[in-house]
Amino acid sequence: MSAQLSVNNLITEHLDTWTQAIETKSTACRGSSNKLNLVGIQKLRELILEMAVRGLLVPQDPNDEPASVLFEKIAAEKAQLIKDKKIKKTKALPDICEGEKPFDLPCGWEWQRLGNLAFLITKGTTPTSIGYQFTNQGVSFVKVENIKRGKIDSASISQFINDETNSVLERSQLQENDVLFSIAGTIGKTCLVQNSDLPANTNQALAIIRKSKEFLSEYLILQLDSFVAETTRNKARGGAMPNVSLGDLNQIVLPVPPLNEQKRIVAKVDELMVLCDQLESETLSHIDTHQTLVSTLLGNLVNPENTANFDQAWSLIAQNFDVLFTTENSIHQLKQTILQLAVMGKLVPQNPNDEPASELLKKIAAEKAQLIADKKIKKSKPLPAITDDEKPFDLPNGWEWVRLQEPTVYVQRGKGPKYADSGKVRVISQKCVQWSGFDISVARYVEDSSLEKYQEERFLQKNDLLWNSTGTGTVGRVNVLSDISEQLVADSHVTVIRPLKSDSNFIKCYLSSGAIQRRIEPDSENPLVSGSTKQVELNTSSVNSLPIPIAPLEEQKRIVAKVNELMTLCDQLKTRLQTAETTQCHLAQSIAQEALG
């Protein structure tokens with residue numbers, strides 16, 4: 001089978017694997033997981049490059065002038081440049097040993113060190129380090145962040161130098177067809193300098209590789225983008241800012257084909273990368289369309305104006321369940337919809353025999369009055385009645401809108417203690433409160449001598465709701481302390497909510513739902529939080545005055561049971577999906593390894 005036919009078959013026969021091997025990366029944003037990594041297409045790109053530099057991508061032509069002759073021409077050209085004093089003579093590089101050759105080469109190919117193929121390998125300098133300043137215009141000063149998709153992104157260049165500084169930095173003046181390779185910080189980014197990029201200069205984070213026309217710049221970039229980049233990264237040294245020396249770069253070993261084959265390889269890689277771009281675009285378009293469809297169908301379920309068509313909307317989802325919920329994002333959306341349906345009274349049927357929420361609220365008010373009389377809790381300031389504008393949706397018969405202060409006996413931020421590494425009482429902080437539950441293992445302790453400052457009410461109780469009230473990526477996380485086997489307190493970044501005669505998990509459903517979580521964003525239409533995007537805060541007065549729906553107590557229990565049941569099914573669906581994702585990614589890796597022998 002010819003090389004060209006082989007690579008075409010490799011792509012087409014395994015098209016599903018390349019496009020379906022997708023990895024979901026979880027984000028810190030209130031439980032959503034929607035950042036996707038197209039692993040299969042990424043592996044396909046890597047495979048194309050690997051096949052290119054191993055001579056497996058295009059057929060060899062025995063009439064091509066072999067690489068050994070190419071080396072002779074480059075050596076002669078280099079000797080002439082040294083004689084003409086256009087470049088300096090460099091130290092001879094060591095011979096290539098067998099251990100440095102990672103694979104066998106086709107006939108006509110040869111191994112060679114980059115330093116023997118290049119006329120110049122150098123790097124630049126930051127002008128300010130030698131007493132020169134940047135300017136607002138002039139000669140472009142190219143940095144690693146200005147390299148995007150193998151080209152210099154001139155629009156992103158924000159620093160320039162004048163002609164005098166450029167003359168002083170003569171060594172790092174860029175020329176057309178120079179290859180740039182990042183050797184500090186982000187190692188391995190490549191770019192080909194075009195005539196339109198000039199005049200330009202660069203700094204010490206970018207190596208400049210200048211070479212003969214007998215060795216194509218485009219082909220060199222393919223090599224630097226393939227296994228060579230990984231080899232170079234492995235040579236990196238340093239701590240916070242890893243770097244590769246020019247000496248290491250000179251000694252990199254490259255597989256070099258005849259010049260004509262270099263041209264065929266570059267053309268074939270360009271053709272296949274266009275195909276990869278198309279696959280990527282189509283895959284992302286399919287994912288976007290799928291997400292839009294899921295959002296639309298689930299949105300119809302919770303749309304307050306769509307009550308009459310609820311059964312029809314649900315029937316459409318049920319008929320296409322296996323097709324709709326095939327990504328982590330869609331499963332997350334399903335979870336949010338379940339919560340929203342729960343607190344709208346649409347998840348379980350109402351029972352007209354249930355004692356209405358109004359009676360439950362009377363009992364709560366009576367018990368709170370007794371607790372105040374017994375001086376066990378303090379009387380709260382009355383809050384204004386809830387307006388119609390504050391109610392995001394209508395409630396079923398028997399439900400009531402109330403402010404959170406009404407069905408609770410305690411809503412208070414925790415207290416920042418003096419911490420200790422051991423002690424009698426542990427402190428629940430933001431990092432302890434997770435969507436999946438509580439991670440007590442990361443909790444520190446209150447210094448024993450400070451415990452006397454804590455009143456009894458500050459010690460956490462079973463079924464307390466804990467709501468993270470500060471911190472980017474953590475604010476808004478909420479959970480119920482359903483099991484408590486030791487004394488615990490909360491720190492000042494966590495709000496403790498203690499319901500009375502209501503199911504804490506029912507209230508948690510509402511606080512976890514999109515109706516509330518969307519308001520945790522500072523730029524939302526009606527934010528609950530205050531502060532900037534760097535540090536937002538959920539203050540206690542906002543929590544106390546928050547309108548929440550209250551269902552009859554028996555219905556609260558049925559809702560919580562149903563939510564738990566459905567969330568378990570969602571988690572099982574997610575686990576199966578993650579297993580399938582892992583299998584597809586492993587399959588893509590196996591196909592690539594098999595193709596490379």
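This is a short tour of a predicted model, stop by stop, with what to select and what you'll find there.

**Stop 1: the largest pocket**

Start by selecting Arg45, Leu49, Arg149, Gly150 and Asp225. Of the 32 residues that line the largest pocket, these are the closest to its centre. The space in there comes to about 1,300 Å³.

Now colour the elements that give two or more residues to this lining: β2 (35–37), α3 (39–53), β6 (147–148), β10 (190–192), α7 (217–225), α8 (227–234) and α10 (259–302). Which of them gives the most? That's α10, with 6 residues. If you colour the lining by class, expect 13 charged, 12 nonpolar and 7 polar residues.

**Stop 2: along α10**

Stay on α10 and pick Leu279, which sits in this helix. Is Leu279 buried or exposed? With a relative accessibility of 8%, below the 20% cut-off, Leu279 counts as buried. Show its neighbours: leaving aside residues up to four places away in sequence, Leu279 touches Leu15, Thr19, Ile41 and Leu44. Add Trp18 to the selection too. Trp18 and Leu279 are 261 residues apart along the chain, yet 8.7 Å separates their C-alpha atoms.

**Stop 3: a three-stranded sheet**

Next, select β5 (residues 139–142) together with β8 (160–161) and β11 (200–202). They form an open sheet of 3 strands in the order β8-β5-β11, and the pairing is mixed. Strands in a sheet pair through backbone hydrogen bonds, either parallel or antiparallel.

Take the two pairings one at a time:

- β5 and β8 run antiparallel and are joined by 2 bridges. To find one of them, look at Ser140, whose bridge partner in β8 is Phe160.
- β5 and β11 run parallel, with 3 bridges between them. Here, Val142 has Thr202 in β11 as its bridge partner.

Why are β8 and β11 the edges? Each has a single partner strand, so one side of each is left without a neighbour in the sheet. Then turn to the faces of β5, both of which are covered. Val139 and Phe141 are buried on one side, and Ser140 and Val142 are buried on the other.

**Stop 4: β3 and β13**

Jump to β13 (residues 253–256), another strand with both faces covered. Val253 and Pro255 lie on one side, Leu254 and Val256 on the other, and all are buried. Bring in β3 (residues 110–113) as well: 4 bridges join β3 to β13, and the two run antiparallel. For a landmark, put labels on Gln112 and Leu254, which stand opposite each other.

**Stop 5: the second largest pocket**

Now head for Ile377, Lys378, Ser380, Val409 and Tyr410. Those lie nearest the centre of the second largest pocket, which is lined by 31 residues. About 1,100 Å³ of space lies inside. The elements giving two or more residues to the lining are α14 (357–373), β15 (408–413) and α17 (540–544). Make α14 stand out, as α14 gives the most, with 6 residues. By class, this lining has 12 nonpolar, 11 charged and 8 polar residues.

**Stop 6: a closed cavity**

Keep Tyr410 selected and add Gly414, Tyr454, Glu457, Arg458, Leu460, Val489, Ala490, Val496 and Arg498. Together with Tyr410, these line the largest cavity. How many cavities of 30 Å³ or more are there? The count is 1, and the space in this largest cavity is about 40 Å³. β23 (488–490) and β24 (494–499) are the elements that give two or more residues to the lining. Its classes split into 6 nonpolar, 1 polar and 3 charged residues.

**Stop 7: the cysteines**

Finish with Cys276 and Cys509. How many disulfides does the model have? The count is 0. Try the distance tool on the sulfur of Cys276: the closest cysteine sulfur is in Cys585, 16 Å away, which is too far for a bond. For Cys509, the closest cysteine sulfur belongs to Cys570, at 13 Å, again too far for a bond. A disulfide needs the two sulfur atoms within 2.5 Å. Both residues sit inside: Cys276 is buried at a relative accessible area of 0%, and Cys509 is buried at 6%.

Terms used
Residues are numbered from 1 along each chain as its sequence is written. This is a predicted model: local features need pLDDT of at least 70, side-chain atom pairs count only at pLDDT 80 or more; totals for chains, interfaces and linings use all residues. Side-chain values use heavy atoms; hydrogens and water are left out. Buried means under 20% relative accessible area, exposed over 50%, partly exposed in between (1.4 Å probe, protein chains only). On a 1 Å grid over the protein atoms alone, a cavity is a set of points where a 1.4 Å probe fits but cannot get out, and a pocket is an open set with protein on both sides within 12 Å along at least five of seven lines; lining residues have an atom within 4 Å of a point. Grid points are joined across faces, edges and corners, and a volume is the space filled by probe spheres set on the points. Ala, Val, Leu, Ile, Met, Phe, Trp, Tyr, Cys and Pro count as nonpolar, Asp, Glu, Lys and Arg as charged, and the others, Gly among them, as polar. Two strands pair if DSSP finds at least two bridges between them. Contact means heavy atoms within 4.5 Å.
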